[in-house]
Amino acid sequence: MSTTTTTLKEYETFGTQFETQNLVDFDSSRVYGDWRDEFHKNGCVVIKNVISKERAQYYVNKQLQWLHNFDLGFDEKDPSTWTADRLPVSFKGGMYFAYGSTHEKMAWEARTEPGVVEVFEKLWETKELISSFDGMNISMPNRKDLNWSPWPHCDQNPARKGMQAVQGLLNYAPNGDKDGGLMLMKGSAKLFDEFFSRDREQDDHEDAPPPEIKFMDLFLFNKKDVQWFKDRGCELIKVNMEPGDFVLWDSRTMHYATLPEGDQIRHVQYICMTPRKFATDEALAAKATCFQNYYGTTHWPHCNIRPSSEKPMRNGEVCPKYRQEPFEKPVVTDQILKLAGVKSY
Ligand SMILES: [Fe+2]
């Protein structure tokens with residue numbers, strides 16, 4: 001096992017890279033005969049039944065149990081308890097990155113599902129992959145205590161060129177028109193370079209991260225930008241999914257998550273993998289430190305490793321339920337160490 005780790009400083013990002021070309025060249029004339037054809041055409045695709053419905057229900061139960069573990073009075077059967085004071089602290093009404101959640105056993109089980117790994121192996125045409133330490137999304141419908149607004153963004157820095165990361169989410173609960181979830185500007189990845197060929201100002205969004213948190217791969221679009229993509233033939237679509245489905249999108253794609261409005265709780269694990277060869281030694285060392293300390297990262301597995309070491313804040317103070325370690329730690333296998341970037345292939 002690699003023992004190289006990194007000393008963390010707050011808000012620091014490791015392994016910063018801004019390549020100006022594709023890291024992998026894909027032959028645009030190639031016909032794959034599977035979901036890759038649609039993915040390379042549109043920059044996004046839904047892949048059906050990556051895990052079974054039964055397995056998806058297992059993860060729903062695990063996520064609910066995780067919320068119960070905080071002992072704040074949350075009851076999935078009682079909507080009156082679907083309030084911030086009865087839930088751990090989340091972002092945008094249901095994205096969880098703190099409390100060691102990105103290294104919960106269930107998160108690593110999802111990352112190592114054979115069907116999930118196979119998606120990224122096929123996409124990148126290598127078995128030597130590393131994974132992000134990404135969050136999950138558990139969103140209750142019709143929350144009365146949230147001020148929510150759309151935040152169209154992409155998760156790739158405008159300085160980068162070409163396809164460098166492809167993010168995904170594994171969907172656990174039925175997700176139809178009313179169930180919130182992923183909005184994608186279909187086709188926008190292909191227009192990334194054209195859009196950013198001139199200087200663009202980020203939208204001054206109410207939920208934009210504070211400037212001291214330097215997310216190197218986040219750009220927030222304003223309303224005019226959204227129209228710019230629509231005027232060029234892109235379509236803003238709500239991705240509907242069944243339990244066990246997986247959606248992949250090129251990180252250049254404009255997207256955001258909407259809150260559910262029906263009666264179904266949304267259950268999702270964000271997962272992203274890229275080839276280990278994309279990562280520098282500095283990035284791998286930072287990943288090892290994150291792995292050992294149960295810190296999360298952004299969606300990016302191989303560079304700009306930004307340990308999510310901030311404590312969750314509740315009413316201006318550190319959440320009394322703050323914890324650094326998962327409730328249920330993963331059973332660390334050889335496969336997990338390799339995906340974490342800790343062990344080489
Ligand atoms: Fe995103």
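## Close-up views of a predicted model

**View 1. Strand β4 meets β12.** Strand β4 (residues 136-139) runs antiparallel to β12, and 4 bridges join the two. Strands count as paired here if DSSP finds at least two bridges between them. Helices (H or I, at least four residues) and strands (E, at least two) are DSSP runs, numbered from the N terminus. Within this pairing, S139 sits opposite R266 in β12. Strand β3 (residues 129-131) is also joined to β12, by 3 bridges in the antiparallel sense, with L129 opposite P275.

A word on the model before moving on: residues are numbered from 1 along each chain as its sequence is written. The model is predicted, with local features needing pLDDT of at least 70 and side-chain atom pairs counting only at pLDDT 80 or more, while totals for chains, interfaces and linings use all residues.

**View 2. Strand β6 has β10 and β12 as partners.** β6 pairs with strand β10 (residues 246-250) in the antiparallel sense over 5 bridges, and 5 bridges join β6 to strand β12 (residues 266-275), again antiparallel. Follow L170 for a good landmark: this residue stands opposite F246 in β10, and its bridge partner in β12 is Q269. L169, in turn, faces Y270 in β12. Burial is worth a look here; a residue is buried if 20 or more other C-beta atoms lie within 10 Å of its own, exposed if 12 or fewer, and partly exposed in between, with C-beta atoms placed from the backbone. Strand β6 (residues 166-171) is mostly covered, with 6 of its 6 residues buried. V166, G168 and L170 point one way from the strand and Q167, L169 and N171 the other way, yet all are buried. β12 is mostly covered too, with 10 of its 10 residues buried.

**View 3. The largest nonpolar core has 80 residues.** A nonpolar core is a set of buried Ala, Val, Leu, Ile, Met, Phe, Trp, Tyr and Cys residues joined through C-beta atoms within 7 Å. V119, L170, F246, V247, L248 and I271 have the most contacts inside this core. Helix α7 (residues 281-293) gives the most to the core, contributing 7 residues. As a general point, nonpolar side chains tend to be buried together in soluble globular proteins. Zoom in on L248: leaving aside its neighbours within four places in sequence, this residue is in contact with F39, C44, V45, I47, V119, V166 and G168. Two residues are in contact if their C-beta atoms, placed from the backbone, lie within 7 Å.

**View 4. Helix α7 leads to Y294.** The 13 residues of α7 reach 18 Å from first C-alpha to last, close to the 18 Å expected at 1.5 Å a residue; the expected span is 1.5 Å times one less than the number of residues. Its buried residues are A283, L284, A285, A286, K287, A288, T289, C290 and F291. Y294 follows the helix and has a positive phi, near 65 degrees. Most residues other than glycine have a negative phi.

**View 5. Y295 and N304 share the loop between α7 and β13.** Y295 is buried because 24 other C-beta atoms lie within 10 Å. Not counting residues up to four places away in sequence, Y295 touches C290, P307, S308 and S309. H103 is 192 residues from Y295 along the chain, and their C-alpha atoms are separated by 7.6 Å. N304 is also buried, with 23 other C-beta atoms within 10 Å, and its phi is positive, near 50 degrees.

**View 6. N315 lies in the loop between β13 and β14 (317-318).** N315 is not a glycine, yet its phi is positive, about 50 degrees. Buried or exposed, with 8 C-beta neighbours inside 10 Å? N315 counts as exposed.

**View 7. W82 lies in the loop between α2 (53-69) and β2 (95-96).** W82 counts as buried because it has 20 C-beta neighbours inside 10 Å. Not counting residues up to four places away in sequence, W82 touches M140 and R143. F219 is 137 residues from W82 in sequence, and the two are 30 Å apart in space, C-alpha to C-alpha.
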